[in-house]
Amino acid sequence: MSYDLMVFAPDQAPAKKRGPFLDWYDQQAEWEEAHDYDDPAVCGPALRAFYEELTGSFPAIQAEEGPGTDYTIGAALIYMSFEWDKVDEAHAAVFRLAGKHALGFFDVSSDLAETWLPDGKGSLHIAHSD
């Protein structure tokens, strides 16, 4: 089991309304884009900058097994799976960097599944939750 978080390009997702956002998320999670999902070159500049900064503290898994963070990178999102002993540290880092890079943040593993959007001031505001 892992703790999963996701950041996304807010201009590429219907993030303001819960239903459309969850439908978009489900569609993205089919992983049907025509590329490998481990290459940050497939996403836009803000997602790439986020990835570069986060992997300094949370390196990507280098093999099928072993310590590290599992990153799944799409054109409009980065999905991350963290080890449970890193949950608090990872959540804080992802939330902070999402705000810094003006990305949306989806707390996939939270019971409330909170979705946050950039506030235009380098942080995030809640858009919706269960």
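Which side chain meets Arg18 in a salt bridge? Let's start there, everyone, and keep in mind that what you see is a predicted model. The partner is Asp130, with N and O 3.0 Å apart. Arg18 sits in helix 1 and Asp130 in the segment after strand 6 (124-128), so this pair ties together parts that are 112 residues apart in sequence. The two ends sit in quite distinct surroundings: Asp130 is exposed, at 60% relative accessibility, whereas Arg18 is buried, at 16%.

How many salt bridges turn up in the whole structure? The search finds 2. The other pair to look at is Lys100 with Glu53, where the closest N and O atoms are 2.9 Å apart. Here too, distant parts of the chain are linked: Lys100 belongs to helix 3 and Glu53 to helix 2, 47 residues apart. Lys100 is partly exposed, with a relative accessible area of 48%, and Glu53 is partly exposed as well, at 30%.

Since we've reached helix 2, let's stay a moment. This helix covers residues 45-54, and its buried residues are Leu47, Phe50, Tyr51 and Leu54. Why do they lie on the same side of helix 2? Because they cover an arc of only 100° around the axis. Remember your textbook helix: with 3.6 residues a turn, residues three or four places apart point the same way. On the face turned away from that buried side, you'll find the exposed residues Pro45 and Glu52.

Back to helix 1, which spans residues 18-28 and also holds Asp23. Asp23 is exposed, at 55% relative accessibility. Together with Asp26, Glu30 and Glu32, Asp23 forms a negative surface patch.

Now for the strands. Val7 is in strand 1, residues 3-8, and is buried, with 0% relative accessibility. Its C-alpha is 5.4 Å from that of Gly104, although the two residues are 97 apart in sequence.

Finally, two alanines for the backbone fans. Neither Ala102 nor Ala113 is a glycine, yet both have a positive phi: about 55° for Ala102 and about 45° for Ala113. Where are they? Ala102 lies in the loop between helix 3 (87-100) and strand 4 (104-106), while Ala113 is in the loop between strand 4 and strand 5 (115-118). Buried or partly exposed: which is Ala102? Partly exposed, at 42% relative accessibility. Ala113, by contrast, is buried, with a relative accessible area of 10%.

That's my tour, thanks for listening!

Definitions and conventions. Residues numbered from 1 in each chain as written. Predicted model: local features only at pLDDT ≥ 70, side-chain atom pairs only at ≥ 80, totals over all residues. Heavy atoms only, no water. Patch = residues over 30% accessible without salt bridge, like charges linked within 9 Å, V, L, I, M, F, W, Y side chains within 5 Å. Areas by Shrake-Rupley, 256 points an atom, 1.4 Å probe, with all protein chains shown as cover. Salt bridge = Lys/Arg side-chain N within 4 Å of Asp/Glu carboxyl O. Lys, Arg positive; Asp, Glu negative; His and termini not counted. Charge placed at Lys NZ, Arg CZ, Asp CG, Glu CD. Helix = DSSP H or I, 4+ residues; strand = E, 2+ residues; numbered from the N terminus. Buried < 20%, exposed > 50% of the residue type's maximum accessible area, 1.4 Å probe, protein only. Arc of directions from axis to C-beta.
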